[in-house]
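Trainee: I have a new model open and would like to go through it with you. Could we begin with the ligand and then turn to the empty spaces?

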Amino acid sequence: MTRRAVVTAGTGGIGLETALGLAAAGFAVTVVGRDAERGARAVERLEAVATDGGPEFVAADLASLGEVRALAARLSARGALDVLVNNVGAMFPERRLTVDGVEASFAVNHLSPYLLTEALLATETLGSGAPSRIVNVTSGAVRTAKHRFDAVEPRGGYYGFHWYGRAKLANLAYTLDLARRLAGTGVAVLAADPGGAATAMTDGTMTDPRIVSPGLRLLWPLVRRTFERATAGPAALAARPSLLAAADPSLADRTGLLLGPETTPITPTRWATDPRVVRDVLRLSREAAPLTPA
Ligand SMILES: NC(=O)c1ccc[n+]([C@@H]2O[C@H](COP(=O)([O-])OP(=O)(O)OC[C@H]3O[C@@H](n4cnc5c(N)ncnc54)[C@H](OP(=O)(O)O)[C@@H]3O)[C@@H](O)[C@H]2O)c1
């Protein structure tokens, strides 16, 4: 039987490389993105490597909770899913709100993958065909993140890199908690840290000094060089942790792992398993991204 995989933000960057790897490994891959032309180009590339099952593109803006719910309904209607790679992520130089009025870093990097996952679990799209895997793409930026989650937006000024890291930390805390919640169900939950790669995200936003706090801005030439070095590699290499987490047979029956850039398990920051962080992230997620809108 054909195995089905979904990769969000799978029409470019690390997501497309992940999708290509899954298609070559025999999955029928659905890639999600906003732009139909980019989607069509991705499908062409996927068709060239697919070994079983036709790839497809589904359009959705994952910054919109309504579009995430509609995407979940569309995916559910097609039956069981074997792999979900929540790859979407974004960093913004200036604070912005989504159509739902939610701060965009938190919405795209955490609420969107959270809501898609919960919606697919609720309809047993993930789970009915167990064993299945959920892979959430994280970032080393979690290490510089604030770790209070009493509100969607932290106190203080907006700094894109740090707010991105905080949203990724929320998502990592959710991921590791979900692995515990789903233990024994046949649904494995893993996090993948791609390290760094030259992509649309890093080539654009990470050249803007406004993304870091004023203290780091004083050291901007040094910080920028560090960012450049860390994100100079190819997306294909950065996709390896996601690919391994999604499909490698050696990880069958493993759950709750964080795979690092070298594709080996690494220890998550302690804040990702801090009980207060986990409790607040879950409460905030349920309030800000309910399965059924209020
Ligand atoms: N690159 C790095 O160095 C790095 C390091 C650590 C972690 N990561 C993480 O790795 C993941 C992939 O990063 P990347 O660098 O490959 O990102 P990227 O280059 O910005 O990803 C491009 C893809 O994202 C899609 N996309 C962007 N916004 C979207 C939205 N609102 N809704 C739906 N699709 C959207 C784009 O399609 P459309 O434009 O058509 O929508 C395209 O398919 C992210 O979670 C990121 O946080 C990256």
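Mentor: We shall take the ligand, then the open and closed spaces, and then a few single residues. Please keep in mind that this is a predicted model.

Trainee: How many residues surround the ligand, and which are the closest?

Mentor: The ligand is surrounded by 31 residues. Thr11, Arg34, Asn87, Tyr164 and Thr199 are the closest of them.

Trainee: What is the distance from an oxygen atom of the ligand to the side chain of Thr11?

Mentor: An N or O atom in the side chain of Thr11 is 2.6 Å from a ligand oxygen. The backbone takes part as well: a polar backbone atom of Ile14 is 2.8 Å from an oxygen atom of the ligand. On the nitrogen side, a polar backbone atom of Leu62 lies 2.9 Å from a nitrogen atom of the ligand.

Trainee: And how much of the ligand's accessible area does the protein cover?

Mentor: On its own the ligand has 880 Å² of accessible area, and the protein covers 93% of that.

Trainee: Which elements give two or more residues to the shell?

Mentor: They are helix H1 (13-24), helix H5 (160-181) and helix H6 (200-204). H6 contributes the most, with three residues.

Trainee: What is the make-up of that shell by class?

Mentor: The shell around the ligand has 14 polar, twelve nonpolar and five charged residues.

Trainee: Changing topic to the pockets: how much space lies in the second largest one?

Mentor: The second largest pocket holds about 380 Å³ of space. Its lining has 22 residues, and those nearest the centre are Pro131, Ser132, Arg133, Gly186 and Asp253.

Trainee: Where in the fold does that lining come from?

Mentor: Strand S5 (132-137), strand S6 (187-192) and helix H10 (240-247) each provide at least two lining residues. By class, twelve residues of this lining are nonpolar, five are polar and five are charged.

Trainee: What about closed spaces: how many cavities of 30 Å³ or more does a search of the whole structure find?

Mentor: The search finds one. The largest cavity has a volume of about 30 Å³.

Trainee: Which residues line it, and which element supplies the largest share?

Mentor: The lining of the largest cavity consists of Asn136, Val137, Thr138, Lys168, Asn171, Leu172, Thr175 and Ala191. H5 supplies the largest share, four residues, and S5 also gives at least two. H5 thus appears twice in our discussion, since this helix also gives two or more residues to the shell around the ligand.

Trainee: How does the cavity lining divide by class?

Mentor: It has three nonpolar residues, four polar ones and one charged residue.

Trainee: Now single residues. Is Leu71 buried or exposed?

Mentor: Leu71 is buried, because its relative accessible area of 3% is under the 20% limit. Leu71 sits in helix H3 (residues 65-76). Between Leu71 and Ala119 the C-alpha to C-alpha distance is 9.5 Å, although they are 48 residues apart in sequence.

Trainee: What is unusual to note about the phi of Glu124?

Mentor: Glu124 is not a glycine, yet its phi is positive, about 60 degrees. Glu124 belongs to the loop between helix H4 (104-122) and S5. Glu124 counts as exposed, because its relative accessible area of 51% is over 50%.

Trainee: And what is the phi of Thr263?

Mentor: Thr263, also not a glycine, has a positive phi of about 75 degrees. Thr263 is placed in the loop between strand S7 (258-259) and helix H11 (275-288).

Note on methods
Residues are numbered from 1 along each chain as its sequence is written. This is a predicted model: local features need pLDDT of at least 70, side-chain atom pairs count only at pLDDT 80 or more; totals for chains, interfaces and linings use all residues. Side-chain values use heavy atoms; hydrogens and water are left out. On a 1 Å grid over the protein atoms alone, a cavity is a set of points where a 1.4 Å probe fits but cannot get out, and a pocket is an open set with protein on both sides within 12 Å along at least five of seven lines; lining residues have an atom within 4 Å of a point. Grid points are joined across faces, edges and corners, and a volume is the space filled by probe spheres set on the points. Ala, Val, Leu, Ile, Met, Phe, Trp, Tyr, Cys and Pro count as nonpolar, Asp, Glu, Lys and Arg as charged, and the others, Gly among them, as polar. A residue is near a molecule or strand if one of its heavy atoms lies within 4 Å of it. A polar contact is a pair of N or O atoms within 3.5 Å; within protein, one must be able to donate a hydrogen and the other to accept it, and residues adjacent in sequence count only if both atoms are side-chain atoms. Accessible areas come from the Shrake-Rupley method with a 1.4 Å probe; for residues, only the protein chains shown count as cover. Buried means under 20% relative accessible area, exposed over 50%, partly exposed in between (1.4 Å probe, protein chains only).
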